[in-house]
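Hi,

Here is the structure I promised to pass on. Have a look at it first, and then read my notes below.

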Amino acid sequence: MINKMNDEKGKILLATLAGIGVGVAAGILLAPNNGLDTRDSLKRTLSKAGDDLERTVKNFMDKLESNKVTDDGSSLVMRGSWDDVKGQLKQNYAELTEDDLTYVEGQEDELWGRLQQKLGKTKNEIMKVIRDL
């Protein structure tokens, strides 16, 4: 049943992306504005579509996680680089040091453990903090 739901939502997502692509192409071809105005309008439209898509994917991943279809942490999406996130975390939590925030690929569990110990929060709470930055 969950697989059927996932297939349906995947089809909806794919159809939405296809519709956005067709709309953008039609807008470019039929645009009454000059090139600069068209590019600016296109940039705003694509940015909004990207934000909408990110929100849709995040909600979908959150539902999968809450229904135990995926493991905790599958829905973590960060904006910007890890250095940007580290800077924000340091600003918000003065007790965090550079060592606390050292990220080594493949050793994510150690990072989560350090953050949980230092901040006294669960992994899910820390993930929410990072997502909300």
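Let me start with a question: does Asp100 count as buried or exposed? Asp100 counts as buried, because its relative accessibility is 11%, and the cut-off for buried is under 20%. Do keep in mind that this is a predicted model.

Before I come back to that residue, here is the overall picture. The protein chain has five helices and zero strands, so to speak an α-α-α-α-α order when you read from the N terminus. There are 133 residues in the chain, and 19% of them are buried. The accessible surface of the chain is about 9,400 Å², with 54% of that belonging to carbon and sulfur atoms. If you take the contacts between residues at least 6 apart in sequence, 42% of them join residues at least 24 apart.

Now for the inside. In soluble globular proteins, nonpolar side chains tend to be buried together. In this model, the largest nonpolar core has 14 residues. Leu89, Tyr93, Leu96, Leu115, Ile126 and Ile130 are the ones with the most contacts inside that core. Three helices each supply at least two of the core residues: H3 (82-92), H4 (108-119) and H5 (123-132). Tyr93 is worth clicking on: leaving aside its neighbours within four places in sequence, Tyr93 is in contact with Leu119, Lys121 and Val129.

Back to Asp100, then. You'll find Asp100 in the loop between H3 and H4. What does its side chain reach at 2.9 Å? That is the backbone nitrogen of Thr97. The Asp100 side chain also makes a polar contact with the side chain of Lys118, at 3.1 Å. Not counting residues up to four places away in sequence, Asp100 touches Glu95, Leu111, Arg114, Leu115 and Lys118. One of these, Leu115, is also among the core residues with the most contacts.

Next, the charged pairs. How many salt bridges are there? The count comes to three.

- Lys118 and Asp100: their side chains meet in a salt bridge at 3.1 Å, N to O. This pair links distant parts of the chain, with Lys118 in helix H4 and Asp100 in the loop between H3 and H4, 18 residues apart. Lys118 counts as partly exposed, at 37% relative accessibility.
- Lys86 and Glu98: the closest N and O atoms of this salt bridge are 2.5 Å apart. Lys86 lies in helix H3 and Glu98 in the loop between H3 and H4, so the pair ties together parts that are twelve residues apart in sequence. Lys86 is buried, with a relative accessible area of 13%, whereas Glu98 is partly exposed at 39%.
- Lys90 and Glu98: here the side chains meet in a salt bridge at 2.3 Å, N to O. Lys90 counts as partly exposed, with 31% relative accessibility.

Glu98 turns up in two of those items, and indeed Lys86, Lys90 and Glu98 are linked in a network of salt bridges.

If you want a place to begin, open the loop between H3 and H4 and find Asp100, then follow its side chain to Lys118.

Cheers

Technical notes:
Residues numbered from 1 in each chain as written. Predicted model: local features only at pLDDT ≥ 70, side-chain atom pairs only at ≥ 80, totals over all residues. Heavy atoms only, no water. Core = buried A, V, L, I, M, F, W, Y, C linked by side-chain atoms within 4.5 Å. Buried < 20%, exposed > 50% of the residue type's maximum accessible area, 1.4 Å probe, protein only. Helix = DSSP H or I, 4+ residues; strand = E, 2+ residues; numbered from the N terminus. Contact = heavy atoms within 4.5 Å. Polar contact = N/O pair within 3.5 Å; in protein donor to acceptor, adjacent residues only side chain to side chain. Areas by Shrake-Rupley, 256 points an atom, 1.4 Å probe, with all protein chains shown as cover. Salt bridge = Lys/Arg side-chain N within 4 Å of Asp/Glu carboxyl O.
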